[in-house]
Each structure stands twice: as C-alpha cells, then as structure tokens.
Amino acid sequence: MSHTSSDWEHQFSTLFKQAVEKYRKGHQKAHGLVDVQGLNFLKSIGHTEQEFFDFVEDSSGGKPTLETVLKIASVRRDYFLQEQKGKPSTHQISVAKLPAKDAEIDGIVWLPRIIPKAEAKLRGEMPPELMYGCGGDRHFFHTNHIDPAEFLKKVWKTKGNQSEIVAWIKANKGP
C-alpha cells in the first residue's frame, strides 16, 4: 500500500483526532481505539496500536501535540519503508535491559536510555509498556533543546553512535 506524504499525513491526523475524541469520551485503552481500517493503515506505516494509543493518551494532557506525533510517525514511517522495506520486526526490546533512568553519557542524563529507545522506535520494537516520547523522554528533549523527531533522525543517521549523538546534542545546546 503506497501513501503520498499528504495522503498518509491527512489520514493519520484524522485518525488521531478521532481517537483523541474517543479517548476523551471514555475509551481509555489501546484495543478498539481505532477500527480495522485504521489498524491496517497504522500497520502500513509501521505504527502499532499501542504506540498510537500512548500518543493519544498523553496528548490529552497537552503533550505531545499532533504536530509532534506526526513528525515522529513520519520518521518511523520512513525508516519502516526504506530500511525495513515495509516488513515489521518480530523482536521487542526488554525494558529490564534498558540503562537506568539516571544513567548518563558525558554528563547527559537519560541519554544511555533514550538511544536504545529511539532505535527500538525506529525498528518498531517497543514493548507495550514502553513509550518513545514518555514524560521522561519529553524532559530530556526539553532540557537539551531537542525535537524528538530530529533525535530519531539523528539516531538513524548515526546508527546510534553515542559520540556523534553527544557532539550533536552539545552543539544544539549551546553555551
């Protein structure tokens, strides 16, 4: 199934707005938030029902915005179609194996944790209990003046190279 940029973005945005409304009316679980057609669409762009729900749930508190969710979904979609050739991964990362939330690389707290999360998001390997863009991630992005979609792109481009990512973060952060 092929989607032009504006077509898939419009479809995603419409689905997202409908899901937010359904969530606000009381449907507060991933299963059943979108219909079969919506699920098929999400699968066609490498998005899972749970990932979609997590963004819907958090957006009810104002963060992330639809614009942010769309940018993150766009990076995942591009990775899914270009790197994975539209074939989903059958693996999920282990939350227990992620670095501690207070771990740091070169003084940057959360970085050791968010790099493997970003890699898992790119590959579609997030377990249901983990979210790329959770409150801790949003704090990391805010503190370091980073757009979550740009971070995903950087992890993709550098293949998770920590030293390149650290240099990029420090260059973005300024003095």
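Angles under 35 degrees between two helix axes count as roughly parallel. Keep that cut-off handy for the exercises below, and remember that this is a predicted model.

**Exercise 1. How far can you trust the model?**

Task: Find the mean pLDDT of the protein, then work out where confidence is lowest and where it is highest.

Solution: Start with the whole protein, which averages a pLDDT of 94. Next, check the spread: 96% of the residues score at least 70. Then go down to the elements. Helix α8 (residues 162–173) has the lowest confidence, with a mean of 92, while α7 has the highest, at 98.

**Exercise 2. Two partners for α7**

Task: Work out how α7 is oriented against α4, and then against α5.

Solution: Take α4 first. Helix α4 covers residues 66–82 and helix α7 covers residues 148–158; their axes come within 8 Å and cross at roughly 20°. That angle is under the cut-off of 35 degrees, so α4 and α7 are roughly parallel to each other. Now look at who touches whom. On the α4 side you'll find Thr68, Lys71, Ile72, Val75, Asp78, Tyr79 and Gln82, and they meet Pro148, Ala149, Leu152, Lys153 and Trp156 of α7. Sorted by class, this contact has seven nonpolar, two polar and three charged residues.

Move on to α5. Helix α5 (residues 111–123) packs against α7 at an angle of about 85°, and the axes are 9 Å apart. Angles of 65 to 115 degrees count as roughly perpendicular, so that is the label for α5 and α7. From α5 come Leu111, Ile114, Ile115, Ala118, Glu119, Lys121 and Leu122; from α7 come Phe151, Leu152, Val155 and Trp156. Here the classes are nine nonpolar, no polar and two charged.

Last step: check the two lists for shared names. Leu152 and Trp156 of α7 turn up in both the α4 contact and the α5 contact.

**Exercise 3. Closed spaces**

Task: How many cavities of 30 Å³ or more does the structure hold, and which residues line them?

Solution: There are two. The largest has about 40 Å³ of space, and its lining is made of Glu51, Asp54, Phe55, Lys121, Met126, Leu130, Met131 and Tyr132. Helix α3 (residues 49–59) gives the most to that lining, with three residues. By class, the lining splits into five nonpolar, no polar and three charged residues.

The second largest cavity has a volume of about 30 Å³. Around this cavity sit Thr48, Gln50, Glu51, Asp54, Met126, Pro127, Pro128 and Leu130, which divide into four nonpolar, two polar and two charged. Compare the two linings and you'll see that Glu51, Asp54, Met126 and Leu130 appear in both.

**Exercise 4. The largest pocket**

Task: Describe the volume and lining of the largest pocket.

Solution: Begin with the volume, about 290 Å³. Of the 20 lining residues, the closest to the centre of the pocket are Lys43, Gly46, His47, Thr48 and Pro88. Then ask which helices take part: α2 (36–44), α3 and α4 each supply at least two lining residues. Finally, count the classes: six nonpolar, eight polar and six charged.

**Exercise 5. Backbone oddities**

Task: Where do proline 64 and lysine 85 sit, and what does the backbone do there?

Solution: First, the background: most peptide bonds are trans, and most residues other than glycine have a negative phi. Proline 64 lies in the loop between α3 and α4, and a cis peptide bond, with omega about 0°, joins lysine 63 to proline 64. Lysine 85 lies in the loop between α4 and β1 (104–105). The phi of lysine 85 is positive, near 55°.

How values were computed. Residues are numbered from 1 along each chain as its sequence is written. This is a predicted model: local features need pLDDT of at least 70, side-chain atom pairs count only at pLDDT 80 or more; totals for chains, interfaces and linings use all residues. Side-chain values use heavy atoms; hydrogens and water are left out. Axes are lines fitted to C-alpha atoms, for helices over the stretch in contact, and angles run from 0 to 180 degrees between N-to-C directions. Helices (H or I, at least four residues) and strands (E, at least two) are DSSP runs, numbered from the N terminus. Angles under 35 degrees count as roughly parallel, over 145 as roughly antiparallel, 65 to 115 as roughly perpendicular and the rest as oblique. Contact means heavy atoms within 4.5 Å. Ala, Val, Leu, Ile, Met, Phe, Trp, Tyr, Cys and Pro count as nonpolar, Asp, Glu, Lys and Arg as charged, and the others, Gly among them, as polar. pLDDT is the predictor's confidence in each residue, from 0 to 100. On a 1 Å grid over the protein atoms alone, a cavity is a set of points where a 1.4 Å probe fits but cannot get out, and a pocket is an open set with protein on both sides within 12 Å along at least five of seven lines; lining residues have an atom within 4 Å of a point. Grid points are joined across faces, edges and corners, and a volume is the space filled by probe spheres set on the points.
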